Amino acid sequence: MSERTMTRQVLLFICLLCVSIANGQVSYSIPEEMPKGSLVGNIAQDLGLDVQRLKSGKARIYTGDSAEYIELNKERGILLTKGRIDREGLCGQTTPCAIHFQIILENPMELYTIIVEVLDINDNPPSFEKADIHFKISESAIPGVKFTLEPALDLDVGVNGLKSYSLMPTDHFILKFQSQSGGGQNVEMVLQKPLDREKEEHMSLVLTAVDGGDPQMSGDIQIHITVLDANDNAPVFTQPVYKAVVKENAPKGSVVATVSASDSDEGSNSKIDYSITNTQDNVRYVFDINEDNGEVVVIGEVDFEKANHYEIRVQASDRGGLTDSCKIIVDVLDINDNSPSISIMSKTKVIAEDSKPGTVVTMINIQDPDSGENGKVQCFLNEDIPFTLKTTTNNFISLVANSDLDRERDSAYNISVTCADEGEPSLSSSVTLSLQISDVNDNAPVFERSSYEASVLENNTPGVSIFTIKAVDADWNQNARVSYILEDSAVNGVPVSSFVSVSADSGVIHALSSLDYEQIKDFQFRVKAQDGGSPPLSSNVSVKIMIQDQNDNAPQILYPVQTGGSLVAEIVPRSADVGYLVTKVVAVDVDSGQNAWLSYKLQKATDRALFEVGLQNGEIRTVRQVTDKDAVKQKLTVVVEDNGQPSRSATVNINVAVADSFPEVLSEFTDFTHDKEYNDNLTFYLVLALAVVSFLFIVSIIVILSVKCYRWRRERMFYKSGANLPVIPYYPPLYADVGETGTLQHVYNYEVCKTSDSRKSDLKYARPSSESIISLDCSGTQTLPHVQNKKMASNTCHKT
């Protein structure tokens, strides 16, 4: 192509380039035959988009099954040609010629329709299929006879298309044009001056076709005429236009129509040959005519989607060279032979479960090249899924969420999209889309129980596992990872974290210290289960720990009270009957349950036949009548035992005085006191003696003799001084026994204690008792000073 032509094309491009935007659609116009990489338009600017949006949205061109003629430069936001575009090869004679495609963006998903109209330039001259035409014309042909010429073909359209014809020379023939109902013109050569074979047997004419482009282009064909002898009548068709219908995909050999022409001549001049004269389309590749009988049959593929209408031009020629022409208009009937075509333009493989209804998941393009009802397509989804199909633009549908998603209910969907046309029978196509639902932290951990109770034995080992709590989270992965946290609280003012701990991972509850049932029977606290989501969700549960008692406490004697410095005795009169209540042993056990069930047993007794102990109540009673033969001083040992396993026990010694008079009781228990003191001193001296013997074995005999002599002299001095000490009586209030059997009336108790130092002598009285108790004490408390016998060296106690 010349430089001048290129310059004109560029100017034409500048003049014709126009942009229109409406409802998400952009249109451009460009001339054909532009070099590769030529600018089509600034799509980013025209769509009002930022170049960065084209990049982040992964903008791309979708053309379906068509070839791509335009490419997108995302760096600059412009559309460029991918190569030279030949309008004639793209659209043929169809006008306007446009390229339709879509630009798709993601995140969010957007769709824009782009139309690029390809404008024709005058790049194709008119041409004829044949290099020359031959006619045999009888010299008897009269003026006005018409001869159909082969029309020229100009691939350009509009002003660049075929404009006119010229015939040279014009001595015998002129051109006549006849418009066709389907468009175009029939070119006929009309005889205007009779022929004379004798003058000119052969004639040569030139038919020139000229287009309307700038610069103007032309093409020509040679017409060779042979003048024959007279053939007066030309063939004549029975009708100028025939109409026929053929079904799509009709088998080869099917008869479409039959044309008929007649010639009034006789002999060879009446013999008619039929032929198809179409040159500008593919009629001769689809149909053929029997040259003898004019029967038109199918020889190729009849496809409604390629052509739904044919116009067949038929010429009848006799042997004398005379012709006539007619036209057969063939309409193709569509049959439902194409299933809908489903094209996935863009799809999302993963969608979050918190996506809002209306979120676009996939964009689909549906095409059915059939027509009418056969081309109407309805699409539907498989049932019971939270998605629906939404029509966006013509032939485009979107798969959108129409309700809330829940990954815990369905973590993935296999979505079957089925599209069916309305033909008979209906044809359908389907495609399956796999969609994963990603998790969001929308479920808090849930404990297996609304509350927990557990028990642990007291005196447990610190660190021992008590039990395990468990919570589950319906979410997935990190959102379902549960951690356990002990909430702050206090038990009797002490933080609960001092008693127990909770394993953050396993939920195992450990005892941190040894628990004591006697201090804490049970305690409660709360444990929080928290997931690993962001933000985290949590729930809590109440946990009650009950401490089980162990038999770890022996019974405690509350009564009688055991004292180390004084003697306590229960008085039983000799007149006491059987069942006389002597005293009652009162004991408690701080354990609980059967560990605190106490039983009382008489372990030792001076006279077992005289006393018994109540097994359950600890009451000491006489089992027979007291006699004069019974000893005054009775010592009982009572064992208090619990019912634990193993059992624990405590013992108590009880002194019982069997007497009717207080002096008798006092004398007996004074001897007992001296015996006790003697035993204590003997133990001390034995230990001292053993120590002295180990170091002073040689002088041990001398030391022992000296000690004995010293004691002998001391005793004599003690008894001599005691004979001259006056006794000062003290009369306490009446002593009464509130027991059930008898009383001791007018009993007076007093003590006189003498020492070698009269300043320490005293008189001590015993308090009256309502429980028949006598307390004897020589400890030196509550002294009454005396002025007599200040230099006494011995001490003694007198009882009355």
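Which hand does the link of Cys-91 and Cys-97 have? The link is right-handed, with 65 degrees about the S-S bond. This report works from a predicted model and covers its confidence, its disulfides, an arginine beside one of them, and a sheet.

**Confidence**

The mean pLDDT of the chain is 80, and 82% of the residues reach at least 70. Two stretches score poorly. Over residues 1–23 the pLDDT stays under 50, and the model has 34 contacts beyond four places in sequence for this stretch. Residues 722–800 also stay under a pLDDT of 50, with 159 contacts beyond four places in sequence.

**Disulfides**

The structure contains 2 disulfides. Counting the bonded cysteines along the chain, their pattern is 1-2, 3-4.

| Disulfide | S to S distance |
|---|---|
| Cys-91 and Cys-97 | 1.8 Å |
| Cys-379 and Cys-419 | 2.0 Å |

In the pair of Cys-91 and Cys-97, both residues are buried. The pair of Cys-379 and Cys-419 has a torsion of about 110 degrees about its S-S bond, so this disulfide is right-handed. Cys-379 belongs to strand β28, residues 377–381, while Cys-419 belongs to strand β31, residues 412–421. The bond therefore ties together parts that are 40 residues apart in sequence.

The two ends of that bond can be described by their accessibility. Cys-379 has 24% relative accessibility and so counts as partly exposed. Cys-419 has 0% and so counts as buried, because buried means under 20% relative accessible area.

Two further cysteines can be placed on the same scale. Cys-326 has a relative accessible area of 5% and is buried. Cys-709, with a relative accessible area of 48%, is partly exposed; a residue has to be over 50% to count as exposed.

**Arg-87**

Arg-87 is part of helix α4, which spans residues 87–91. Is this arginine buried or exposed? Arg-87 has a relative accessible area of 1%, so it is buried. Its side chain reaches the backbone oxygen of Gly-92 at 2.9 Å.

Leaving aside residues up to four places away in sequence, Arg-87 touches a set of residues that includes Cys-97, one end of the disulfide with Cys-91. Among the others in that set are Glu-32, Gly-92, Thr-94 and Thr-95. The contacts of Arg-87 also include Val-118, Leu-119 and Asp-120, as well as Leu-155, Asp-156 and Val-157.

**A sheet of 4 strands**

Strands of a sheet pair through backbone hydrogen bonds, and the pairing is either parallel or antiparallel. One open sheet in this model has 4 strands in the order β9-β15-β14-β11, and its pairing is mixed. Which strands stand at the edges? They are β9, residues 132–138, and β11, residues 162–168. Each has a single partner strand, so one side of each is left without a neighbour in the sheet. From one strand to the next, the twist averages 25 degrees.

The partner of β11 is β14, residues 202–211. These two strands run antiparallel and are joined by 6 bridges. Leu-167 has Leu-207 in β14 as its bridge partner.

Note on methods:
Residues are numbered from 1 along each chain as its sequence is written. Side-chain values use heavy atoms; hydrogens and water are left out. A disulfide is a pair of cysteine sulfur atoms within 2.5 Å. Buried means under 20% relative accessible area, exposed over 50%, partly exposed in between (1.4 Å probe, protein chains only). pLDDT is the predictor's confidence in each residue, from 0 to 100. Contact means heavy atoms within 4.5 Å. Two strands pair if DSSP finds at least two bridges between them. Axes are lines fitted to C-alpha atoms, for helices over the stretch in contact, and angles run from 0 to 180 degrees between N-to-C directions. A polar contact is a pair of N or O atoms within 3.5 Å; within protein, one must be able to donate a hydrogen and the other to accept it, and residues adjacent in sequence count only if both atoms are side-chain atoms.
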